[in-house]
Amino acid sequence: QKLANIDVKTKGESAAENKNNAIPLFWHILKSGGTSVKDFYGTCHGFVEAAESGVLDGHNQDTTLKVVQMSPEGIRYVNVDTTTAQGIERAIQLNLIP
């Protein structure tokens, strides 16, 4: 498979078969309630998100993977932007994506 010119290797395993290596993915489709879902994950469940908000305030220049709090609601983000091919490549370089 190809995702933004990046090889995405799958082992054919479901998340249930291999929970330790599962990478959750939320595909945000515009105008479908995705922002509400992301807010719910971050504020109610305390999940750390990987999204464009994580690179605000110069965090796109960080040289190591960090969790940053970028919202007054307490939502935490990892400092990579997974909404762009460049951001996904950076996530791979920082070992967010194995």
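The following legends describe close-up views of a predicted model.

**View 1. Three aromatic residues, Phe 40, Tyr 41 and Phe 47, form one cluster.**
Two aromatic pairs are present in the structure. In one of them, Phe 40 and Tyr 41 are tilted with respect to each other, with 6.3 Å from centre to centre and 45° between the planes. Tyr 41 also pairs with Phe 47, again in a tilted arrangement, at 5.7 Å centre to centre and with 40° between the planes. Tyr 41 is thus named in both the pair with Phe 40 and the pair with Phe 47. Each residue of the cluster is partly exposed: the relative accessible area is 41% for Phe 40, 31% for Tyr 41 and 44% for Phe 47.

**View 2. Strands E3, E5 and E4 form an open, mixed sheet.**
The three strands are arranged in the order E3-E5-E4. Strand E3 (48-49) and strand E4 (67-69) occupy the edges; each has a single partner strand, so one side of each lacks a neighbour in the sheet. Strand E5 comprises residues 76-78 and runs parallel to E3, to which it is joined by two bridges. Within this pairing, Val 48 is placed opposite Arg 76 of E5.

**View 3. Helix H2 has buried residues along one face.**
Helix H2 spans residues 85-93, and its buried residues are Gly 87, Ile 88, Arg 90 and Ala 91. When the helix is viewed down its axis, these residues fall within an arc of 160°, and they therefore line one face. In general, an α-helix has 3.6 residues a turn, so residues three or four places apart point the same way. Gln 86 and Gln 93 are exposed on the other side of H2.

**View 4. Arg 90 is a buried charged residue without a salt bridge.**
Arg 90 belongs to helix H2. The nearest side chain of opposite charge is that of Asp 62, at 5.3 Å. Because a salt bridge requires a side-chain nitrogen of Lys or Arg within 4 Å of a carboxyl oxygen of Asp or Glu, this separation of 5.3 Å does not qualify. The backbone of Asp 62 is nevertheless in contact with Arg 90: its oxygen lies 2.7 Å from a polar atom of the Arg 90 side chain.

**View 5. The side chain of Asn 79 contacts Asp 62 and Lys 66.**
Asn 79 is located in the loop between E5 and H2 and is buried, with a relative accessibility of 0%. Its side chain makes a polar contact of 2.9 Å with the side chain of Asp 62. The Asn 79 side chain also reaches the backbone nitrogen of Lys 66, at 2.8 Å. Asp 62 accordingly appears in two views, through its side chain in the contact with Asn 79 and through its backbone oxygen in the approach to Arg 90.

**View 6. Leu 56 and Asn 79, and Leu 96 and Val 80, illustrate distances between residues separated along the chain.**
Leu 56 lies in the loop between E3 and E4 and is partly exposed, with a relative accessible area of 45%. Its C-alpha atom is 8.3 Å from that of Asn 79, although the two residues are 23 residues apart along the chain. Leu 96 is situated in the segment after H2 and is partly exposed, with a relative accessible area of 31%. The C-alpha atoms of Leu 96 and Val 80 are separated by 8.7 Å, the residues being 16 apart along the chain.

**View 7. Lys 31 and Asn 95 have positive phi values without being glycines.**
Lys 31 has a phi near 60°. Its place is in the loop that connects strand E2 (6-7) and helix H1 (34-43), and it is exposed, at 87% relative accessibility. Asn 95 has a phi of about 65° and is found just after H2. Asn 95 is likewise exposed, with a relative accessible area of 62%.

How values were computed. Residues are numbered from 1 along each chain as its sequence is written. This is a predicted model: local features need pLDDT of at least 70, side-chain atom pairs count only at pLDDT 80 or more; totals for chains, interfaces and linings use all residues. Side-chain values use heavy atoms; hydrogens and water are left out. Rings of Phe, Tyr and Trp (its six-membered ring) pair if their centres lie within 6.5 Å; planes under 30 degrees apart count as stacked, over 60 as edge-to-face and the rest as tilted. Buried means under 20% relative accessible area, exposed over 50%, partly exposed in between (1.4 Å probe, protein chains only). Helices (H or I, at least four residues) and strands (E, at least two) are DSSP runs, numbered from the N terminus. The arc is that of the directions from the helix axis to the C-beta atoms. Two strands pair if DSSP finds at least two bridges between them. Lys and Arg count as positive and Asp and Glu as negative; His and the chain ends are not counted. A polar contact is a pair of N or O atoms within 3.5 Å; within protein, one must be able to donate a hydrogen and the other to accept it, and residues adjacent in sequence count only if both atoms are side-chain atoms.
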